[in-house]
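Let's work through a few exercises together, each with its solution set out in steps. Have your viewer ready and try each task before reading on.

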Amino acid sequence: MASGHDLKAGQYDARMVSEDELWSAFSYLFSTQSKNSTSYKFGFLKSLIDNLYNVNENLVLTFDQLFSKFAESYWNLVLKYGIRQQPVIKGKSSTVLESVLHSVVEKYDIAAEVPFESLTDEMKLYVCVNVKRKCKVNVVGALYGDLKGLIYSFSKKEEWIQFSPYMYEFLCKHKLVIEKMNYYEWARYMEKVNDDSVLDHLLTKIEISTLRNNLSVYRHILFDEFESKECFYCGKPLREDAIHVDHFIPWSFIKDDQLWNFVLACPGCNESKNDKLPAITYLERIIERNSSDILLKYANMLTNYKSQKMRHIYNWAVTNGYNTIWTPSSKKTM
């Protein structure tokens, strides 16, 4: 398939596709045969992977969802860390994306080193809208073309992508491996176009370019609205000055902050659980908790949530290597 960067729309290959063919497509993407004038294909693939569990029942994501993550990653890489995303070209000081980001700094008169998560909601929206408008032109079709039309259908006009069911299942099963391959090739590309002065801990900078949000709002909702006054895991009473908000399925896997994945835990359980999956009995408890009528008040925080999807994500985490199952060392005597 020819390069798809200038396509206005594309349709995924709907035939049954084997895992070997899908691995072959990614091998091409990460090979020297795939040409990159910027790092944007790596950044867009990261946005797709970070949004895997935000799809609707038809496996659709909007450009707003995708370019929000995309903008956040590049804000921190370009402005916070000063990493170029394209070789220095005579007569051209920066890429379109870099120009957009610098224009925001100028518009709002803020320091370039301010991390994305510290921006106001107005600033974040302005960044995302302008990054989407400029970057959707080439990057969506470019990744579509390099992956041989196997990954998604898309419409630039209507601003959506729809995963191929085969590719979606493949990405969920091999999420961490593909994520790490993408980070590695992204870092290798940036090593070629940057001075040594900004390359320290480059892989780490890519991985943390999208960070966890402030979780205090979720602590309030769960403690006050759900009356979660006891640790979700061990059942011990929670002290208001020592409540931890825990990602039930670890953040390192899901890379997202969603109300349906949060529980309140005592410091001991949260620190002991760390990056592990809880036993499956707790999975059924959180699914039951998420069926509460109270959640209807927070429908905007539960977009595309389904109990069956949560079961799938739990199982995909196990498939991806989260197979050390955790249980609390002690429980409250009932």
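A residue counts as buried at under 20% relative accessible area, as exposed at over 50%, and as partly exposed in between, using a 1.4 Å probe and protein chains only. The model is predicted, so local features need pLDDT of at least 70 and side-chain atom pairs count only at pLDDT 80 or more, while totals for chains, interfaces and linings use all residues. Residues are numbered from 1 along each chain as its sequence is written, and side-chain values use heavy atoms, leaving out hydrogens and water.

**Exercise 1. Cysteines**

Task: Find how many disulfides there are, and classify Cys266 and Cys172 as buried or exposed.

Solution:
- Start with the bond itself: a disulfide is a covalent bond between the sulfur atoms of two cysteines.
- Apply the cut-off, which asks for a pair of cysteine sulfur atoms within 2.5 Å. The count comes to 0 disulfides.
- Look at Cys266: its closest cysteine sulfur, in Cys269, is 3.7 Å away, so the two are too far apart for a bond.
- Now the accessibility: Cys266 has 13% and therefore counts as buried. Cys172, at 0%, is buried too.

**Exercise 2. The sheet**

Task: Work out the strand order of the sheet and say which strands stand at the edges.

Solution:
- Settle the terms: strands (E, at least two residues) and helices (H or I, at least four) are DSSP runs numbered from the N terminus. Two strands pair if DSSP finds at least two bridges between them.
- Take E1 (residues 9-10) and E3: 2 bridges join them, antiparallel, and Ala9 has Ser155 as its bridge partner.
- Continue to E4 (residues 160-163), which runs antiparallel to E3 with 4 bridges between them. Here Tyr152 stands opposite Phe163. The hairpin of E3 and E4 has 4 residues between the strands, and Glu159 takes a positive phi near 60°.
- Add E2, which pairs with E4 over 3 bridges in the antiparallel sense.
- Put the order together: E1-E3-E4-E2, an open sheet of 4 strands. E1 and E2 (60-62) are at the edges, because each has a single partner strand and one side left without a neighbour in the sheet.

**Exercise 3. Side chains of E3**

Task: Sort the residues of E3 (residues 152-155) by the way they point, and decide whether they are buried or exposed.

Solution:
- Tyr152 and Phe154 point one way.
- Ser153 and Ser155 point the other way.
- All four are buried.
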